[in-house]
Amino acid sequence: GWEHEAWRGDLYPEDMPEDWRLSFYNTRFRCVYLPFELWRNAAAGAVAGWLHDTHEGFHFVLGAPERLSEDETRKAARFGARGLLENAADVLMFEGEPDWRDLARRMQRAAQTGVPLYVISRDAALPQLEKAAELMGVLGV
């Protein structure tokens, strides 16, 4: 998600209203991970707001079990092409310090194949996320 109090003052300016955070976040990163319970239980209006507050190239990586019910499939569909089920996308989840060499190899593969790579920090490690975003920019991914 994009709601981490520890990011206030580091990523988000201290005086930034909470309802501006997603719009700001999407200027720095290409995707956000939404845990299954969050997106499944989100009201349709909230999802529409999230889509409105982000640019067309921004994606929502949706945490999900192996199989979705019909209702869950409908709820995932509210994100349109900008919603990607975690198990159907090339997602690299890391905790702590990622393996930078492996990450660079995966980024190079993504650049060659055109298959997008989404990098997610399980523990919301902002410095590592920013470094990964910078590396993606350098490699043209």
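## Salt bridges and cores in a predicted model

Arg40 has a relative accessible area of 22% and is therefore partly exposed (buried is under 20%, exposed over 50%, partly exposed in between, with a 1.4 Å probe and protein chains only). The structure is a predicted model, in which local features need pLDDT of at least 70, side-chain atom pairs count only at pLDDT 80 or more, and totals for chains, interfaces and linings use all residues. Residues are numbered from 1 along each chain as its sequence is written, and side-chain values use heavy atoms, with hydrogens and water left out.

The mean pLDDT (the predictor's confidence in each residue, from 0 to 100) of the protein chain is 92, and 100% of the residues score at least 70. Among the elements (DSSP runs numbered from the N terminus: helices are H or I of at least four residues, strands E of at least two), helix α3 (residues 44-52) has the highest mean, 97, and helix α6 (residues 126-139) the lowest, 88.

There are 10 salt bridges, each being a side-chain nitrogen of Lys or Arg within 4 Å of a carboxyl oxygen of Asp or Glu. Three that involve helix α4 are listed here.

| Pair | Closest N to O |
|---|---|
| Glu72 and Arg40 | 3.3 Å |
| Glu70 and Arg74 | 3.9 Å |
| Arg74 and Asp71 | 3.6 Å |

Glu72 lies in helix α4 (residues 70-77) and Arg40 in helix α2 (residues 36-41), so this pair ties together parts 32 residues apart in sequence. Glu72 is buried, at 11% relative accessibility. Within α4, Glu70 and Arg74 are 4 residues apart, about one helical turn, and both are exposed. Arg74 and Asp71 are 3 residues apart in α4; Asp71 is partly exposed at 36%.

Another network of salt bridges links Glu3, Glu5, Arg8 and Arg21. Arg21 belongs to helix α1 (residues 21-28) and is buried, with a relative accessible area of 0%. Its side chain makes a polar contact of 3.3 Å with that of Glu5 (N or O atoms within 3.5 Å, one able to donate a hydrogen and the other to accept it within protein; residues adjacent in sequence count only if both atoms are side-chain atoms). Beyond four places in sequence, the contacts of Arg21 (heavy atoms within 4.5 Å) include Trp2, Tyr12 and Met16.

The largest nonpolar core (buried Ala, Val, Leu, Ile, Met, Phe, Trp, Tyr and Cys residues joined through side-chain atoms within 4.5 Å) has 34 residues, of which Tyr25, Leu34, Trp50, Phe60 and Phe79 touch the most other members. Helix α6 gives this core its largest share, 4 residues.
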